[in-house]
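Thanks, everyone. I will go through one model today, starting from a helix and working outwards to the sheets and the ligand. Please have the sequence and the structure open.

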Amino acid sequence: MSAHSATEQPLLRLCGIHKRFGDNHVLRGVDLELAAREVVCLIGPSGSGKTTLLRCVNHLEVPTEGRAILQGELLGQYTRRGRLVPLPPRELAAQRAAIGMVFQHFNLFDHKTALENVTEAPIQVAGMSKHEARAIAGRLLESVGLAEKAHAYPRQLSGGQKQRVAIARALAMSPKLMLFDEPTSALDPEIVGEVLDVMRKLAHEGMTMLVATHEMTFARDVADRVVFMDGGVIVEQGPPSQVLTAPSHERTKRFLARLL
Ligand SMILES: Nc1ncnc2c1ncn2[C@@H]1O[C@H](COP(=O)(O)OP(=O)(O)O)[C@@H](O)[C@H]1O
Ligand SMILES: [Mg+2]
């Protein structure tokens, strides 16, 4: 979908990311780059570190070591007197606004309607007027097929509808990058497709996406690149035709064999 040009800087660069939770060394040096408009699917066994890696991108988890850089800007940290220190909360929030995240379990505000979920960040974080935020949210809900559910509360929505609200919410801040953490894993099989269709459309519109998923058909059809993680490292990566059908590493072969 997108060609890496030698001169174009990557939209996202992860350099030497390590994450430890106490003695548990979960990420062990992850380097990954995403070009603008690229769709990368992150696959790997449960516990391999996919969620932790996604959360390190937007500093929901602070990497123990390493850097995440979005369009040349260091995320979550800045240099003070020659040392890297955490960014103050307000500036971190501003950076996060450029990165949309969709979670496995939706993480919607249960006491807010679909529309209010989508307008929350534009109003509270971006300082947008209610009028403008509602207009944008209405269009976004329409784009995910939920115009008629704008005033429904999450408890009145199916899992697939909730996840589409969550996608609309993430898009409301006009992110440069979208992170998806197994967005369909909590859904009944018959409604997985409606969420994947929305993601497919986003990919075709040119959104840059990093997607942890077990949906191999989606990865095969939509990803520009598939990255296989195991034990906190990237074991191999490449076009889906290569990684999914002719993997070169034994660990990748074993993982894919288990899915069949
Ligand atoms: N907040 C946390 N505290 C302690 N350990 C964690 C935390 N989050 C994840 N882990 C550990 O990190 C490892 C990788 O988990 P995770 O990133 O969720 O993998 P995946 O998403 O690939 O299943 C697991 O061993 C998990 O127990
Ligand atoms: Mg996970």
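Start with helix α5: its buried residues pack against β8, α3 (114-124), α4 (130-143), β9 and α6. Contact here means heavy atoms within 4.5 Å, and buried means under 20% relative accessible area, with exposed over 50% and partly exposed in between, using a 1.4 Å probe and protein chains only. Helices (H or I, at least four residues) and strands (E, at least two) are DSSP runs, numbered from the N terminus.

Before going on, the ground rules. This is a predicted model, where local features need pLDDT of at least 70, side-chain atom pairs count only at pLDDT 80 or more, and totals for chains, interfaces and linings use all residues. Residues are numbered from 1 along each chain as its sequence is written, chains are lettered from A and ligands numbered from 1 in the order in which they are written, and side-chain values use heavy atoms, with hydrogens and water left out.

Back to α5, residues 159-171. Because 12 of its 13 residues are buried, α5 is largely enclosed by the rest of the structure. Among the buried ones are Gln161, Gln163, Arg164 and Arg169. The end C-alpha atoms of α5 are 18 Å apart, which agrees with the 18 Å that 13 residues should span at 1.5 Å a residue; the expected span is 1.5 Å times one less than the number of residues.

Two of those partners, β8 and β9, lead to the six-stranded sheet. In what order do the 6 strands of this open sheet run? The order is β8-β9-β10-β3-β11-β12, with mixed pairing; two strands pair if DSSP finds at least two bridges between them. β8 (99-102) and β12 (233-238) are the edge strands, each pairing on one side only. Neighbouring strands are turned by 20 degrees against each other on average, direction ignored. Axes are lines fitted to C-alpha atoms, for helices over the stretch in contact, and angles run from 0 to 180 degrees between N-to-C directions.

At the β8 edge, 4 bridges join β8 to β9 (177-181) in the parallel sense, and Val102 has Phe180 as its bridge partner. Helix α6 (189-204) lies across β3, β9 and β10, at about 145 degrees to β10.

Now β3, residues 39-43. Is this strand buried or exposed? 5 of its 5 residues are buried. Val39, Cys41 and Ile43 point one way, while Val40 and Leu42 point the other. In a regular strand, side chains alternate between the two faces of the sheet. β3 runs parallel to β10 over 4 bridges, with Cys41 opposite Val211. On β11 (225-230) there are again 4 bridges in the parallel sense, and Leu42 is partnered by Val227.

The other open sheet has 4 strands, β2-β1-β4-β5, paired antiparallel. β2 (24-34) and β5 (73-74) each have a single partner strand, so one side of each has no neighbour in the sheet. β1 (12-21) and β2 share 8 bridges, including His18 with Arg28. Helix α1 (50-57) lies across β1, β2 and β4, at about 120 degrees to β1.

Last, ligand 1. Residues around it include Phe21, Asn24, Pro45, Thr51 and Glu61, where near means a heavy atom within 4 Å. Oxygen atoms of ligand 1 lie 2.7 Å from a polar backbone atom of Gly47, 3.2 Å from one of Ser48, and 2.8 Å from a side-chain N or O atom of Lys50.

Key: Polar contact = N/O pair within 3.5 Å; in protein donor to acceptor, adjacent residues only side chain to side chain.
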